[in-house]
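This report walks through one chain, its contact with a partner, and one of its helices. Start by looking over the sequence and the fold.

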Amino acid sequence: MSIASPVQTEAAPQPRFRLNWTIAIAAAIVGGWVLLAVFAPVVAPFDPNAVDIMHALAAPDSAHWFGTDQVGRDVFSRVLHGARVNLLMCVAGVLPPLVIGTMVGLFSGYYGGVVDSLLMRIYDLTAAFPFFVLVLAIVGALGPGLLNFFVALALVGWVTYARLVRAEVMGVRGSEYIQAAQCLGFSDRVVLFRHLLPNAFGSVVAYAVSDSVLVMLAGASFGFLGLGAQPPLAEWGVMIADGSAFIRQAWWICTFPGLATISLGLGLAFLGEGLGQLRRRQVSA
Amino acid sequence: MQLVAKRTLQLVFVLVGICVITFLLVHMVPGDPARIIAGDRANAETIEAIRKSFGLNQPLWRQFLTYAGNLLQGDIGESMRYKRPVATLIGQFVWPTLFLTGYVVCLAVPPSVALAIASARKPGGVADQIIRFIGIAGMAIPVFWLGIMMSRFFGVALGWFPVSGYGKTFIQHLHHLFLPALSTAIWMVPVLVQSLRAALIEKAGADFVVAARAQGASEREIFWRTILPNAVLPTLNLFGVIIAFLIGGTIVVEAVYAVPGLGSLMINALLARDYHVVQGLTLMFAVTTVAVTFVVDLLSALIDPRVRL
C-alpha cells in the first residue's frame, strides 16, 4: 500500500492504531471474498447452474449448506460464484470512470480555460440528475444487461472523478514544487503525470473504494430488477430476485446472497472510509 | 439580486442540458426507432409512414427543436404501452410517491438530527464512534434486500403490515407505506447524519464560537444557541442532493413493495421498452431535483444575509 503515511504524528496516537485495525479487518473481508471468487470452482461443492428438480427448495443441511433454490441449484455454490460477478462489478464499474475522469480532471485543472469551464458545466448538468435514475435510464435505452450497466456507469461516473482530481490539481498547481518543476524546464507531460497525478492519486483511490460500494449495490439492484446481470447467471441481486418469489417456503434462497452482499459491502465501505481518513491525516500532517 | 440573476442563468443552462440529455436518451436506443414503434410485424410502408408522422426522417437538430417545443407546451410524449400522454400517467402515479417521500422524511429527519447532535457534541467520543460505525455500515445494506426481509418478517410472519399496494384512505396509506418508508429511511439516516455531523463539527471550530467562549458563554449555551443555528444552513443546502438520493431509493423500494408510484412506473416502462415514459420520468426527476436545489439556494440567500452581499 503506497497510501500508508510515513509521518508519525504525536497528536493522536490512539485513533491511528484503531484506524489501522479498521483498514486491516476491512481489507481481510474484501481479500477473503476475492480469494473465494478466484477459487470458486475449487471451493464450491456443486456446479452453480446444475439443476436438480428432485432436491428443489431443500432446507440448509450438511450437503447443501445454504439449501437449494426453486430448481434445486446449490445456493452456497451460487453465492461463491456470484462473488465473481459482484467483484467484477466493483472493477468494471469503477475503473473506466476512474481512468477517464482522472485524465479529464488533470488536464482541466492544470490548463484551465475553455475545457475547464466546459467540464464544470457538464458537472452541473450531471449533478442535476439523480445518479440512479440516469444510470437506470441509460441502461433502459441501451437494453438490460451487465455490459450496458458498465457503459452507463462509465458515461455518468467519470464526472465525479474529474471534479475530484481537478480540485486536487488546482490545490497544488501554484505550489513551489510545481513551479520548480516548470522552471527546471520539465515538459507539461512530466509535470502532469510525474508530479500532479501521484499527488491526486491517494484521494482518487480512497474515493474509488467507497464508490465501489455504491456500484456493487447498484449492480445488485439492477440484477434484482431484471436490468443488470441476467438469469441464470449466479449474481447476488438476481439470486435475491429468484428467491423473493419463494420467500414464504424457503427463506434461505434470498437471505444468503443478501448477507454476502452486506459483508462485501461492509468490507469495502470500511476500507474506503479508512483509506479516506488516512489520506486526510496525511494531508494535514 | 445579482446572485438571483446568476443562479437563474445557470438554471436555464441546466434545464436546456437536461432536455438535450433526455432527447439523446431515446436516440441511444439501438436499432431503427420507427421499427421499434411499429412493432416487429410491421411492413415497410407502415414503417415509412411512422417515420414521416413522427418526424424521424428529419435531421437530428430539427427533431430536437420539435421535442423542445413540445416540452415548452407541456407535452412530454406519449406512452406506447398505455396509449396515453406521459404527463397524464405521471399525474396518475405521482401521489403514492409523494406520500412515500413525505413519509420517509418524517421518519428519517428526527432520528438523524438527534444522532448527529449526539455525535457532534463530543467528536471522537464513544457515542460518536458508534454512530459513525452504524452510519458506514448502513450504507452497505442493499435496500431491496432489506425490503424483502422486512416484508417477510413484519408482513408475512407477524402480519402487522400489508406487504404490497397503497390502500385507499389516509390511514391505509400510512399503514401500507410504513414498511417501504422504513426501509428507505434506514438507508437515508446514515447519509443525513454524516452531512449534519460534518456541518456541526465544522461550525464548532469557527471564530464566532471562540468569541462566544471568550465572552464566557457556557458550553451548553454555545452548542444550542451558536453552533446549531449556524449548522442549519449548510444542511439546508444538502437538500437537493438528498432529494436526488430519495428519488433513487424510492424507485427500488416501490418495486419491492409493489407501490403504484413513479418508481414502479419507471421500472415497468424500462422492462416493457416504453421509451417515452422513461424519457418523461427522467426529465421530471431531473427537473424536480434542479427545482429543489434552486429554491433552497434562494431560501438560504433569504435567510442568510451574508449570501446576499
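## Burial and overall build of chain B

Of the 309 residues in chain B, 35% are buried. The model is predicted. Chain B holds 15 helices and 0 strands.

Along the principal axes, the C-alpha atoms of chain B fill a box of roughly 85 × 60 × 35 Å. Take the contacts in chain B between residues at least 6 apart in sequence: 69% of these join residues at least 24 apart.

## Where chain A meets chain B

Chain A gives 38 residues to the contact, and chain B gives 39. On the side of chain A that touches chain B, five elements give two or more residues: helix H5 (113-128), helix H6 (131-142), helix H9 (188-225), helix H10 (236-244) and helix H11 (252-284) of chain A.

What is the makeup of that side of chain A, in nonpolar, polar and charged residues? It divides into 26 nonpolar, 8 polar and 4 charged residues.

## Helix H7 of chain B

Helix H7 of chain B covers residues 143-157, 15 residues in total. From its first C-alpha to its last it reaches 20 Å, close to the 21 Å expected at 1.5 Å a residue. H7(B) does bend, by about 25° at Ser151(B).

Ser151(B) is also one of the buried residues of H7(B). The others are Phe144(B), Trp145(B), Leu146(B), Gly147(B), Ile148(B) and Met150(B). After H7(B) comes Gly159(B), with a positive phi near 70°.

Key
Residues are numbered from 1 along each chain as its sequence is written. Chains are lettered from A and ligands numbered from 1 in the order in which they are written. This is a predicted model: local features need pLDDT of at least 70, side-chain atom pairs count only at pLDDT 80 or more; totals for chains, interfaces and linings use all residues. Helices (H or I, at least four residues) and strands (E, at least two) are DSSP runs, numbered from the N terminus. A residue is buried if 20 or more other C-beta atoms lie within 10 Å of its own, exposed if 12 or fewer, and partly exposed in between; C-beta atoms are placed from the backbone. Two residues are in contact if their C-beta atoms, placed from the backbone, lie within 7 Å. Ala, Val, Leu, Ile, Met, Phe, Trp, Tyr, Cys and Pro count as nonpolar, Asp, Glu, Lys and Arg as charged, and the others, Gly among them, as polar. The expected span of a helix is 1.5 Å times one less than its number of residues. The bend at a residue is the angle between axes fitted to the seven residues ending there and the seven starting there.
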